[in-house]
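Dear colleague,

I am handing over the structure below, as agreed, and my notes on it follow. Please read them with the coordinates open beside you.

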Amino acid sequence: MSTTVVVTGIGIISSIGNNLQETYNSLIEKRTGIGKIEILETVRKDEFLLGEIKFTHNQLIKLAGGDSSNAWTRTALLGIIAAKQAIQDSGIDVNQNISLISASTVGGMDRSELYYKDFLTDAIHKKYIDTHHAGSSTEMIAEQCGLNGLITTISTACSSSLNSIMLGARLIKSGKTKTAIVGGTDALSKFTLNGFNTLIILDKEQCRPFDQNRMGLNLGEGAAYLVLEEKESAMASGKKIYAEVSGFANANDAHHQTASSENGDGPYLAMRNALELANIKPSDINYINAHGTGTGNNDLTEGIAIKRLFGNNIPLFSSTKAYTGHTLGAAGVIESVFAILSLVNKVAFPNINFKDAIEEVGIVPVCEVVKIEGIKHVLTNSFGFGGNDSSVVFSSVDLAEDKIQHRNNSISTTLNNPVFIVGTGCVSPQNTLKSDSFLDDILEVEDKFLQIIKPNYRDFIVPKLLRRMSKIVRMGMVSSSLAMQDAGVENPDAIITGTGMGCQVDTEKFLNSMIENNEGLLTPTSFIQSTHNTVGGAIALGKQNHNYNLTYVHRTFSFESALMDSILLLEEGKAKNVLLGGFDEITEENWLIKTKIDFYKAKAVNNLKVLYDSQVGSMAGEGSSFFVLSNNETENTYAKVVGVDMFYKPKNSEAIENRISDFIQKQSLSINEIDLVILGNNGDSKFDAIYYDVEDSLFSNNPTAYYKHLCGEYDTSSAFAMWLAARIIKENKIPDIMIRKGRSKREIRNVLIYNHFRNINHSLILLSET
Amino acid sequence: MEELIEKLKVQIIEQLNLEDMEPEDIDAEESLFGEGLGLDSIDALELIVLLEKEYGIKIQNPKEGQKIFFSIKTIAEFIKENQK
């Protein structure tokens with residue numbers, strides 16, 4: 001039976017209110033939160049307006065109930081405040097294995113940009129080094145709220161948090177979780193302010209969405225979270241129900257890195273597909289909370305897309321960006337809250353600052369608070385860099401009742417639908433480009449970190465495109481095209497990627513330049529390319545692929561989350577094949593910074609002897625591995641993906657062993673049937689001890705292998721491990737260089753990959769012979 | 001003027017990371033965008049910063065850029081006119 005997903009709790013903080021009631025009051029009183037810069041320390045204080053939350057860092061720590069000695073980022077604090085409200089509002093019991101799916105674009109940048117030069121030198125502020133990555137705020141939220149279920153983080157630029165709502169709803173619909181807290185958080189930073197300024201799309205006055213004379217956007221900050229539950233159980237427990245999450249979709253514009261296409265293809269597809277999933281007609285929509293950033297490009301193409309879908313019957317619509325500013329990764333969920341408020345209070349919110357319609361489209365938004373009697377369905381849009389476009393439909397719940405049977409037809413979860421790996425491509429510090437050899441010659445180096453063997457990029461990418469691509473994008477392009485070639489797939493039904501740190505080279509370039517030039521003379525390329533979904537967007541652009549395109553950015557859960565989503569999508573029948581990838585790049589600076597907190601070894605080491613090295617930390621590395629997953633077995637099938645699991649900060653070694661045993665059991669296998677266990681040992685003896693423990697206890701009779709001496713330690717190295725496992729199963733051969741103990745005499749049928757990051761993020765992937 | 005044009009070619013190749021190109025590959029009168037060199041809107045933004053950084057000239061309205069950045073020659077002329 002199909003499942004209906006409803007919203008039972010809301011938490012929100014932005015420049016127009018510290019909670020739901022204040023937010024609503026501001027909306028109906030037409031009170032903007034955009035004004036002079038008072039909190040952000042920037043040389044551009046008098047030049048731009050921002051939608052700031054007028055609390056200092058220390059005030060936010062108090063509001064969030066945090067211990068002042070901890071390393072808080074503003075992004076995390078905003079997230080904690082909003083998530084706590086949502087939990088309280090819904091009254092859920094946090095101990096019930098609740099999933100947290102969060103989103104952020106720049107993560108902990110608000111602290112990193114203050115201390116970056118210090119990280120590289122004295123590292124007085126080193127406690128903030130590990131709060132930089134986008135998953136950090138998610139973990140702080142989970143811990144502060146006492147959550148113990150699945151956690152992951154999405155980063156697809158400005159559509160990020162609509163995508164987290166979508167994933168939460170899908171996880172509930174598929175029965176994988178009962179309750180999910182979904183949303184996103186982004187704090188203002190000099191990085192984003194200056195970044196958008198290089199694109200010359202910031203309005204120096206209050207932004208004017210959908211106005212003929214609009215001059216650009218204002219940036220803002222904020223966080224919001226929704227509690228999503230299955231309708232039946234929410235009703236059974238007598239919960240207040242705000243709305244149903246009835247439709248959602250993500251599509252790619254595949255037109256340009258930052259600009260939308262002339263026909264608004266991506267926005268059109270996202271809206272159309274969301275309506276289709278909700279099983280409603282365009283004329284059923286009563287209000288649209290548009291993306292409406294106030295830039296020349298967005299509002300025109302969004303207008304065109306709206307006209308394409310709604311024809312002459314355009315529903316009441318408005319952009320609320322002139323209230324909050326553009327809150328980037330949080331915008332999707334903040335505006336979802338507005339959409340829900342609209343539904344619950346039966347009103348459309350005004351598009352403030354609007355005067356004249358855009359000549360080319362002539363559409364006029366709602367400019368006053370308008371009552372909508374009988375409001376049933378509202379739509380909200382969020383569009384981001386990399387052509388990443390998402391739409392979500394919220395519906396009033398009484399009506400949802402009689403539509404239930406129709407509505408969920410389009411998501412039919414045929415569980416246990418087999419998922420096959422039918423193509424692979426890998427760029428790594430080893431010779432992995434060619435399919436006719438499998439670790440026949442091994443690269444042995446004595447160095448600070450392991451770097452990829454550079455492919456001849458020109459064989460894969462046209463020079464014109466190459467000029468803007470940093471290392472990570474290049475290796476992503478090469479390995480993804482190898483995987484598609486290998487699978488004989490021209491254009492996949494979905495592109496799903498994972499990256500722990502994203503585009504490091506570009507992020508560092510922009511950050512250094514910003515700090516060194518005191519926010520002056522900055523250029524846009526490195527800023528644009530620094531978004532986490534650059535690789536996914538570049539692949540879509542190259543292939544003119546308009547399909548689902550998501551990027552997960554949660555340290556060593558990044559690739560695993562992308563894998564989980566891929567499996568889900570194939571199970572739902574939403575895709576016949578999925579292009580899945582995991583990639584990270586190492587830079588000299590990133591290596592140096594992480595030696596300060598003992599993550600990486602400070603002195604050169606021989607990669608093949610890394611397990612015997614006595615320095616603290618691991619040997620850093622990099623790489624990109626891509627796969628084509630399919631529902632259908634082909635002649636080129638490598639292996640079957642049987643399952644993936646992630647768990648956060650297990651209590652002790654017993655908890656780890658139980659989790660691994662349970663995982664194997666859930667796949668209807670016994671430990672004896674695991675023919676090879678690939679472990680993530682990386683030469684950091686303190687944490688390698690965990691692998692030795694399971695090797696001695698659970699897997700005392702199983703052959704084991706390791707791989708990080710080949711690729712180094714990086715957040716998505718488990719993608720490399722999966723590439724190895726797929727080849728091992730296909731060729732029924734374990735390269736000698738990987739073997740730790742016991743040589744399997746029988747055929748290799750089941751291979752388990754167990755990886756963990758410093759005993760924080762643990763993950764399991766199981767592949768089997770077909 | 002010739003000297004400025006040659007200098008601009010080198011600077012543009014560097015700023016836009018046109019790895020494959022040599023200064024002699026660019027015709028000073030050829031259009032930089034569209035048909036010619038194939039530059040796009042992001043390159044235009046890079047060129048705005050180049051003018052500010054190397055020649056101290058600030059372009060306030062990006063729409064002005066279209067005319068100025070038509071070719072290397074038009075950029076050189078613009079610099080001549082506007083440099084103090």
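To begin with the contacts inside chain A of this predicted model: among those between residues at least 6 apart in sequence, 81% join residues at least 24 apart. The chain has 24 helices and 28 strands, and buried residues make up 64% of its 770 residues.

On overall dimensions, a compact globule with 770 residues would have a radius of gyration near 27 Å, and chain A, at 25 Å, agrees with that expectation. Along its principal axes, the C-alpha trace of chain A spans about 75 × 60 × 50 Å.

Chain A is divided into domain 1, which covers residues 5–410, and domain 2, which covers residues 419–768. Taken over C-alpha atoms, the centres of domain 1 and domain 2 of chain A are separated by 30 Å, and the contact between these domains takes 49 residues from domain 1 and 46 residues from domain 2. On the side of domain 1 that touches domain 2, the elements of chain A that give two or more residues include helix H4 (109–120), helix H5 (135–145), helix H6 (160–173) and helix H9 (265–278), together with strand S5 (151–154) and strand S9 (243–252). The residues on that side of domain 1 divide into 19 nonpolar, 22 polar and eight charged.

Strand S9 of chain A also leads to another part of domain 1 that I looked at in detail, since eight bridges join S9(A) to S15(A), and the two run antiparallel. Within this pairing, A:Glu244 stands opposite A:Ser395 in S15(A). Strand S15 of chain A, residues 388–395, is mostly covered, with eight of its eight residues buried. In a regular strand the side chains alternate between the two faces of the sheet. In S15(A), A:Asn388, A:Ser390, A:Val392 and A:Phe394 point one way, whereas A:Asp389, A:Ser391, A:Val393 and A:Ser395 point the other way, and all are buried.

S15(A) is also joined by eight bridges to strand S14 of chain A (residues 377–384), again in an antiparallel arrangement, and here the bridge partner of A:His377 is A:Ser395. A:Ser395 therefore appears in both pairings, being opposite A:Glu244 and bridged to A:His377, if one goes by DSSP bridges, of which two strands need at least two in order to pair. S14(A) and S15(A) form a hairpin with three residues between them, and in the turn A:Gly386 has a positive phi of about 75 degrees.

Elsewhere in chain A there is an open sheet of three strands, in the order S2-S3-S7 and with mixed pairing. Its edge strands are S2 (35–36) and S7 (219–220) of chain A, each of which pairs on one side only. Two bridges join S2(A) to strand S3 of chain A (residues 49–51), and these strands run antiparallel; the bridge partner of A:Lys36 in S3(A) is A:Leu49.

Finally, there is the contact between the chains, which takes 15 residues from chain A and 14 residues from chain B. On the side of chain A that touches chain B, helix H14 (463–466) and helix H17 (524–529) are the elements that give two or more residues, and the residues on that side divide into eight nonpolar, four polar and three charged.

With best regards

Conventions: Residues numbered from 1 in each chain as written. Chains lettered and ligands numbered in written order. Predicted model: local features only at pLDDT ≥ 70, side-chain atom pairs only at ≥ 80, totals over all residues. Contact = placed C-beta atoms within 7 Å. Helix = DSSP H or I, 4+ residues; strand = E, 2+ residues; numbered from the N terminus. Nonpolar A, V, L, I, M, F, W, Y, C, P; charged D, E, K, R; others polar. Rg over C-alpha atoms; globule rule 2.2 N^0.38 Å. Buried ≥ 20, exposed ≤ 12 C-beta atoms within 10 Å, placed from the backbone. Domains from an automatic or database assignment.
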